[in-house]
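This report is for a reader who is meeting the structure for the first time. Please look through the sequence and the model before reading on.

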Amino acid sequence: MSAEQALVVDIVPVREDFISAMRMVAGAVTVVTTGSGERVQGSTVSAFTSVTADPATVLVCLNTNNATTQELLNSGSFCVNVLAAHHEDVSAVFAGVGELKGAQKFTVGCWQKSPCGGMALKDSLATFHCELIESFTEGSHLIVLGRVLAVDTQTGEPLVYFNRAYSAVTPKT
């Protein structure tokens, strides 16, 4: 084995160690929505980030084995709703806790149709209305790039997920 091959073997994380380390990365909690009517779907997502402001582009990672992913690919548009600290119930429902499925999930929270596709949570901290520009699969997830067509924002405290639990951000004084 060459020195290059040995280095690659040494830095490949063991799955459990990787998962444990990722629990230490605090992340905003979002709900990604797509589709319309009875085909509307949504999922709680913590893998969301900006890519660039010019042109405004975001990145979202979705499990390939859920209905939201398939509907997003079919519709070509989606919304990313950044949850506020009081949205734990919304996050749980869209994460699959409970019996609600598909359009039934939208009975929790106050939702409105996005002009770009998907649903916008009226009291989210931010909603990014997006069109799908590119996607590719890596392992168990679809990595989605979306062009941001419109944004809604309001003030409040974010819902954060850290070490397998919801947290709130307390500003330093």
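The text below goes from the whole chain to one sheet, one helix and a group of aromatic rings.

The model is predicted, so local features are given where pLDDT is at least 70 and side-chain atom pairs where pLDDT is 80 or more, while totals for chains, interfaces and linings use all residues. Residues are numbered from 1 along each chain as its sequence is written, and side-chain values use heavy atoms, with hydrogens and water left out.

## The chain as a whole

The chain has four helices and 12 strands. Helices (H or I, at least four residues) and strands (E, at least two) are DSSP runs, numbered from the N terminus. The C-alpha atoms fill a box of roughly 60 × 45 × 40 Å, taken along the principal axes. The radius of gyration of the chain is 17 Å, which agrees with the value near 16 Å for a compact globule of 173 residues. That radius is taken over C-alpha atoms, and the globule rule is 2.2 Å times the number of residues to the power 0.38.

Of the 173 residues, 35% are buried. Here buried means under 20% relative accessible area, exposed means over 50%, and partly exposed lies in between (1.4 Å probe, protein chains only). The chain exposes about 10,000 Å², and carbon and sulfur atoms supply 55% of that area. Accessible areas come from the Shrake-Rupley method with a 1.4 Å probe; for residues, only the protein chains shown count as cover. Among contacts (heavy atoms within 4.5 Å) between residues at least 6 apart in sequence, 62% join residues at least 24 apart.

## A sheet of three strands

An open sheet is formed by three strands in the order β1-β11-β12, with antiparallel pairing. Its edge strands are β1 (27-28) and β12 (165-168), each of which pairs on one side only. Two strands count as paired if DSSP finds at least two bridges between them.

Two bridges join β1 to β11 (residues 159-162). In these, glycine 27 stands opposite tyrosine 161, and alanine 28 stands opposite valine 160. On the β12 side, β11 is paired over four bridges, again in the antiparallel sense. Tyrosine 161 has tyrosine 166 as its bridge partner in β12. The two strands β11 and β12 form a hairpin with two residues between them, and asparagine 163 in the turn has a positive phi of about 55 degrees.

## Helix α3 and its surroundings

Helix α3 covers residues 67-75. At its N-terminal end asparagine 66 acts as a cap: a side-chain oxygen lies 2.9 Å from the backbone nitrogen of threonine 68. After the helix comes glycine 76, whose phi is positive, near 80 degrees.

The buried residues of α3 are Thr68, Thr69, Glu71 and Leu72. They pack against several strands, including β2 (30-34), β3 (41-45) and β5 (56-63).

Which residues does threonine 68 contact, leaving aside its neighbours within four places in sequence? They are Val32, Thr34, Gln41, Gly42 and Ser43. Threonine 68 has a relative accessible area of 2% and is therefore buried. Under the same exclusion of residues up to four places away, glutamate 71 touches Thr34, Gly35, Arg39 and Gln41. Glutamate 71 is also buried, at 8%.

The table lists polar contacts made by these two side chains. A polar contact is a pair of N or O atoms within 3.5 Å; within protein, one must be able to donate a hydrogen and the other to accept it, and residues adjacent in sequence count only if both atoms are side-chain atoms.

| Side chain | Partner | Distance |
|---|---|---|
| Threonine 68 | Serine 43, side chain | 2.7 Å |
| Threonine 68 | Glycine 42, backbone oxygen | 3.2 Å |
| Glutamate 71 | Arginine 39, side chain | 2.9 Å |

## Aromatic rings

Rings of Phe, Tyr and Trp (its six-membered ring) pair if their centres lie within 6.5 Å; planes under 30 degrees apart count as stacked, over 60 as edge-to-face and the rest as tilted. By this rule there are five aromatic pairs. One of them is the tilted pair of phenylalanine 94 and tryptophan 111, at 5.3 Å centre to centre and 50 degrees between the planes. This pair links distant parts of the chain, with phenylalanine 94 in helix α4 (residues 88-94) and tryptophan 111 in strand β7 (residues 111-113), 17 residues apart. Phenylalanine 94 is buried at 2% relative accessible area, and tryptophan 111 is buried at 11%.

Tryptophan 111 also forms an edge-to-face pair with phenylalanine 106, at 5.0 Å centre to centre and 80 degrees between the planes. Phenylalanine 106 is buried as well. Phe94, Phe106 and Trp111 form one aromatic cluster.
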